[in-house]
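Reader: Please show the model, and then I will ask what stands behind the terms used for it.

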Amino acid sequence: MNPIEEIKSALRSVIIAALEKARAERALVFEEIPPFVIEVPRDKGHGDFACNAAMLMAKSARRAPRDIARIIVEHLDRDSMAHIQEVDVAGAGFINIYLRPQWLYDIPALVLEMKEGYGSAPRNGRRVMVEFVSANPTGNLHMGNARGGAIGDSLANVLNYAGYDVEREFYINDAGNQIEIFAESLEARYLQLSGKPVPFPENGYAGQDVVETVKGILAREGDRLLNLDSAQRRKLLTEMALEEKLAYIGKTLESFGINYDVWYSEKTLHENGLVDAVIQELRQKGYIYEKDGAQWFATTAFGDDKDEVVIRANGMPTYFAADIAYHQEKFRRGFDWVIDVWGADHHGHVGRMKGAMTALGFDPERLDVILMQLVRLYRGGQIVRMSKRTGTTVSLDELIEEVGRDAARFLFVMRNPDSHLDFDMELAKQQSLENPVYYVQYAHARICSIFRQAQAAGIKYRLGGDVDMSVLTAAEEIAILRKIAEFPTEVEIAAKTLAPHRIARYALDVAGLFHSYYNHFRVLQDDQTLQNARLNLMKVIQIVIANALSIVGVSAPQQM
RNA sequence: GUCCCUGUAGCUCAGCCGGACAGAGCAACGGCCUUCUAAGCCGUGGGUCGGGGGUUCGAAUCCCUCCGGGGACGCCA
């Protein structure tokens with residue numbers, strides 16, 4: 001249920017009818033009706049809706065845009081749409097349409113009926129998977145993972161609102177080179193902590209967290225692994241460590257408000273032969289060749305500037321090979337649309353993956369990759385450099401602990417993924433004007449407070465139904481209703497353009513309109529009719545803010 | 001060198017599926033608490049939308065080019 005879109009489509013029909021009528025009467029000569037738009041003008045002085053059809057037709061109809069616009073207006077059947085109050089021609093040839101305010105007064109009843117469903121589109125039956133974070137299970141989650149988590153989860157929320165059946169997935173990189181190195185690191189620590197002075201691998205995982213993990217294993221298992229051969233020892237250590245790490249990652253993400261539907265193991269792709277199979281399939285299609293003892297995938301056939309190794313000279317498949325198999329599986333599992341949220345450092349991987357999907361016969365348009373620019377961490381204006389020793393600066397746990405889940409998520413989601421984010425810890429944890437999350441939450445809490453006051457004073461009011469909203473004639477009230485009406489369209493655009501930050505911005509806009517209104521108008525007052533209408537207005541704002549915040553993944557507090 | 005992102009008010013950023021005089025927050029300056037939470041509100045000043053071409057009736061938005069900033073170019077993931 002999208003009031004704006006319904007009106008737009010009704011207006012579209014009316015305008016098309018006018019064009020047809022004008023053509024039939026030979027008032028206008030043209031071949032085809034151009035793909036014109038009906039939009040909400042930025043400037044309220046330009047009406048409730050504006051149409052650019054006349055300007056687009058100027059050339060083919062060989063008339064001045066304003067002339068065409070006037071002819072369209074003359075042929076409009078105004079009675080066919082009760083809401084139309086006034087239509088005029090303005091600017092370069094815009095058709096500005098003014099509606100009777102009743103269309104806005106109908107909005108609150110709709111919102112109150114749909115409640116948390118307001119803004120959402122009907123189920124469209126299409127399945128979409130959002131894969132995000134997918135951090136290496138060998139270490140802790142860092143700021144980049146935090147941003148990816150906030151964006152990915154919020155995007156999944158937006159898509160769900162927009163009518164898709166969404167699944168969240170975490171791809172576990174539990175195979176490959178880095179796991180080998182992880183295994184070696186674990187073994188070295190295990191031996192060292194058991195009193196055997198072995199050297200630590202040169203490029204091993206030197207972090208303290210690995211030491212802690214091994215200490216835990218020693219405490220539980222004792223030194224019984226000393227008796228095993230090295231391969232067996234590494235295997236067991238890796239299994240135990242990964243289980244612990246993944247549980248920890250899952251717990252952290254959960255406390256960040258993120259819950260996955262599926263945790264998908266890379267290792268199972270190898271074990272089930274899916275990696276070999278997909279390479280074989282590509283080979284049959286002629287995209288695989290051998291060079292220097294390795295197997296190469298001819299990604300240059302799809303616009304890449306150089307080919308890519310899929311099977312190393314040592315016989316081990318690369319990460320890319322496994323990822324091709326993984327993405328093939330995503331489509332095989334029945335997803336209509338597959339979205340990955342990756343760090344910008346993976347940008348070279350995008351074209352190759354789309355090429356691989358094309359080679360396998362999947363439409364690459366069904367795969368979208370959000371490349372998120374990396375996060376630079378600051379503390380009070382000073383950049384925080386990556387620590388060599390721990391391999392990390394601030395972990396997601398520390399972020400949640402220090403800044404708080406709501407503020408962190410809002411700050412991440414608010415920014416366009418394309419923006420290079422300078423994240424200042426000091427700024428983020430300030431509970432001040434610098435911190436927009438509180439501005440929005442405060443609006444929600446204030447409205448809750450009004451209703452608490454109303455209740456305490458024993459005020460009787462009715463929400464929804466046939467409540468007369470037409471007493472809300474102030475420009476501020478009209479502006480708020482208009483903004484509320486735009487929410488479903490905002491969700492739709494955010495989903496279509498994969499831009500959850502639009503919802504955070506929208507929430508800020510609504511909060512701004514509310515705070516201003518609150519300081520100029522009394523909700524609770526003697527005039528019963530007005531009071532009732534304003535309480536309805538408040539309730540509707542509260543619902544929309546709560547809905548927007550839920551998409552962003554931020555709580556809507558009752559009081560602050 | 002090739003590729004990706006980016007350059008909008010002093011600062012941080014929206015706007016960029018082309019549309020009518022370019023927006024917000026912060027900072028600066030000046031106001032507003034006996035009334036539903038001052039984590040708020042009101043007002044003032046502040047911009048060659050990096051530069052230059054092009055497409056268009058119309059460009060911050062699309063294309064080309066140059067310049068500045070960030071990043072990627074591994075038989076790592």
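**Terms and their grounds**

Author: This is a predicted model. Helix H2 (53–61), strand E4 (94–99), helix H7 (177–193), helix H13 (347–359), strand E15 (421–424), helix H17 (436–456) and helix H20 (501–518) each give at least two residues to the surface near RNA strand B. The largest share of that surface, eight residues, is supplied by H17.

Reader: What makes Ala50 count as near RNA strand B?

Author: A residue is near a strand if its C-beta atom, placed from the backbone, lies within 6 Å of it. Around RNA strand B there are 72 residues, and Ala50, Gly91, Asp292, Ala445 and Ser449 are the closest; Ala50 therefore counts as near.

Reader: How many residues of each class does the surface near RNA strand B have?

Author: That surface has 28 nonpolar, 29 polar and 15 charged residues.

Reader: Why is Ile541 said to touch Phe514?

Author: Contact requires C-beta atoms, placed from the backbone, within 7 Å. Leaving out residues up to four places away in sequence, Ile541 touches Ile447, Ile480, Ile484, Val510 and Phe514, so the pair Ile541 and Phe514 meets that cut-off.

Reader: Which residues touch the most other members of the largest nonpolar core?

Author: Ile72, Ala507, Ile541, Val544 and Ile545 do, in a core of 142 residues. Helix H21 (residues 528–552) gives the most to this core, 13 residues. Another core, of 13 residues, lies apart from it and includes Ala183, Tyr190, Val214 and Leu237.

Reader: How far apart are the C-alpha centres of domain 1 and domain 2?

Author: They lie 56 Å apart. In the domain assignment of chain A, domain 1 is 3–100 and domain 2 is 132–271 + 373–429.

Terms used:
Residues are numbered from 1 along each chain as its sequence is written. Chains are lettered from A and ligands numbered from 1 in the order in which they are written. This is a predicted model: local features need pLDDT of at least 70, side-chain atom pairs count only at pLDDT 80 or more; totals for chains, interfaces and linings use all residues. Domain bounds come from an automatic or database domain assignment. Helices (H or I, at least four residues) and strands (E, at least two) are DSSP runs, numbered from the N terminus. Ala, Val, Leu, Ile, Met, Phe, Trp, Tyr, Cys and Pro count as nonpolar, Asp, Glu, Lys and Arg as charged, and the others, Gly among them, as polar. A nonpolar core is a set of buried Ala, Val, Leu, Ile, Met, Phe, Trp, Tyr and Cys residues joined through C-beta atoms within 7 Å. A residue is buried if 20 or more other C-beta atoms lie within 10 Å of its own, exposed if 12 or fewer, and partly exposed in between; C-beta atoms are placed from the backbone. Two residues are in contact if their C-beta atoms, placed from the backbone, lie within 7 Å.
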